[in-house]
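Student: I have a model open on my screen and I'd like to learn how to read it. Could you walk me through it?

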Amino acid sequence: MVGESPGDASGYSQPWLCPSRCKAHHRCRNHPGCRRMKSPAISTLLRATQYTCMLLSYLIKNKADKKKLVMKLKQLESSMSSGRKMFRLGNMVHALVAARKTAELPDVVPRFCLTASNLTRALYFVCDAVLWVRSVGLQPDIDKPKWSNWATKCYYYSVLLNLAMDWYEISQRLEQAAQEEKAKENSCWDKHNGELNCVKCGGSRSFLLLLFQILKRNPPLLLDLVKNLCDLSGPLDTLGIYKTNPGVIGFCGVLSSLVGILTLASPHLKLKQ
C-alpha cells in the first residue's frame, strides 16, 4: 500500500511523546512538548481509522444491501489517507534527524540498519509529497505510477531494515541465553559430578521455545516485530511479491496501528536501541 509510512524506524522514543513530560501542562496548548505530542497521535489514529474502513468494506462488499455503506467506508478511507499526508513533512524532517543520530551509534549493525531505514523512510516521504503535489493539481503531468512504485519500494526497504534490526536484537538475546544455559550446565556438572544430573538440571531447549521465552520477556521487542511484520503486507502485495487481498492488508494495518497507539500511550513499550 503506497501512502503508509513505516513508522519510527529509528528505534528511539521521542522525548515529546512521553506523557510525563507534560504532566505539569495538562491540556496545555502553548507548551511545545504538548503541541508536538498531538501530531503522531493524530496521525496514528487516522491510520487506524483508514485501515479499519478498508477491512470493514472488504468484509461486507459482497452484501447487496451494504453497497452504500461500502461506498461511504471507501470515501472515509480515502479521506483518512489524505488527512495523514498533512503530517508527512514533519515525519520527513524527523527521519533525517534520526538518521544523523543513528549514524553515530558505536555498533556497526544497528548503525547501518537504523540509518539506512531512516534514509529510505525519508525518501518515501519525498515520493509521497510528489504524489500529493500531483493529486492536488499543482503538477498534473507527474508520472504517478513511477513515483508510486518508488514510494512503495522505499517503504518496503525501510520495513525490511527494521525487521533486520529486530532479528539482530533477537539473535543477541539468543546468544546471551545460550551462554547463560552453558554456564548453568557447567555449574551443574561441577556441583553434582555426574552427566545425568547435568542433563536434568540444564537440558537443551528448542529454538522456538527459547525464541518464545525471549519475546515474552521483552514486550517492546515483540511489539516492534509484530508491527513490522504487519507493515510488510502492504508493499508485498503492491509490488506483486506476495499477493493478498484488502481484507488481509486492512487487518494487518489495524493491528499495526493499535501497536503504534499502545506505544504512544505507554512509551516504555517502545523498543529502544
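Tutor: Let's go from the overall fold to helix pairs, then to single residues. Keep in mind that this is a predicted model.

Student: Fine. How many helices and strands does the protein chain have?

Tutor: Start with the secondary structure count: ten helices and zero strands. Reading along the sequence you get α-α-α-α-α-α-α-α-α-α.

Student: And what share of the residues is buried?

Tutor: A residue goes down as buried when its relative accessible area is under 20%. Here 44% of the 273 residues in the protein chain count as buried. You can also look at contacts along the sequence: taking those with a separation of 6 or more, 72% link residues 24 or more positions apart.

Student: Now the helix pairs. How are α3 and α4 oriented relative to each other?

Tutor: The trick is to look at the angle between the axes, where over 145 degrees counts as roughly antiparallel. Helix α3 (residues 88–102) and helix α4 (residues 108–135) cross at roughly 160°, and their axes come within 8 Å. The two are therefore roughly antiparallel, and their crossing is left-handed.

Student: Which residues make that contact?

Tutor: From α3, the contributors include Met 92, Ala 95, Leu 96 and Ala 99, and from α4 they include Leu 114, Leu 119, Ala 122 and Phe 125. Sorted by class, the contact of α3 with α4 has eleven nonpolar, five polar and four charged residues.

Student: What about α7 and α8, at what angle do they pack?

Tutor: Same approach, and here the range to remember is 65 to 115 degrees for roughly perpendicular. Helix α7 (residues 207–217) packs on helix α8 (residues 219–231) at about 105°, with the axes 5 Å apart. That makes α7 roughly perpendicular to α8. Leu 215, Lys 216 and Arg 217 of α7 touch Pro 219, Leu 221, Leu 222 and Leu 225 of α8. By class, this contact has five nonpolar, no polar and two charged residues.

Student: α8 also meets α10. Which residues are involved there?

Tutor: On the α8 side you have Leu 223, Val 226, Lys 227, Cys 230 and Asp 231, and they meet Cys 252, Leu 255, Ser 256, Val 259, Gly 260 and Leu 262 of α10. The axes of α8 and helix α10 (residues 246–265) come within 8 Å and cross at roughly 145°, and the crossing is left-handed. The class count for α8 with α10 is seven nonpolar, two polar and two charged residues.

Student: I noticed Cys 230 and Cys 252 in that list. Why is there no bond between their sulfurs?

Tutor: A disulfide is a covalent bond between the sulfur atoms of two cysteines. To call one, the sulfurs have to be within 2.5 Å. The closest cysteine sulfur to that of Cys 230 is in Cys 252, and at 4.7 Å it is too far for a bond. The structure holds zero disulfides. Cys 230 is buried, with a relative accessible area of 9%, and Cys 113 is also buried, at 7%.

Student: One last residue: is Leu 232 buried or exposed?

Tutor: Leu 232 sits in the loop between α8 and α9 (233–238). Its relative accessibility is 13%, so Leu 232 counts as buried. For its partners, skip the neighbours within four places in sequence: Leu 232 is then in contact with Tyr 156, Val 159, Leu 160 and Leu 163. Tyr 156 is 76 residues away along the chain, yet its C-alpha atom is 6.8 Å from that of Leu 232.

Key. Residues numbered from 1 in each chain as written. Predicted model: local features only at pLDDT ≥ 70, side-chain atom pairs only at ≥ 80, totals over all residues. Heavy atoms only, no water. Axes fitted to C-alpha atoms, helices over the stretch in contact; angles between N-to-C directions. Helix = DSSP H or I, 4+ residues; strand = E, 2+ residues; numbered from the N terminus. Parallel < 35°, antiparallel > 145°, perpendicular 65-115°, else oblique. Contact = heavy atoms within 4.5 Å. Nonpolar A, V, L, I, M, F, W, Y, C, P; charged D, E, K, R; others polar. Buried < 20%, exposed > 50% of the residue type's maximum accessible area, 1.4 Å probe, protein only. Left-handed = near helix turned anticlockwise from the far one by under 90°.
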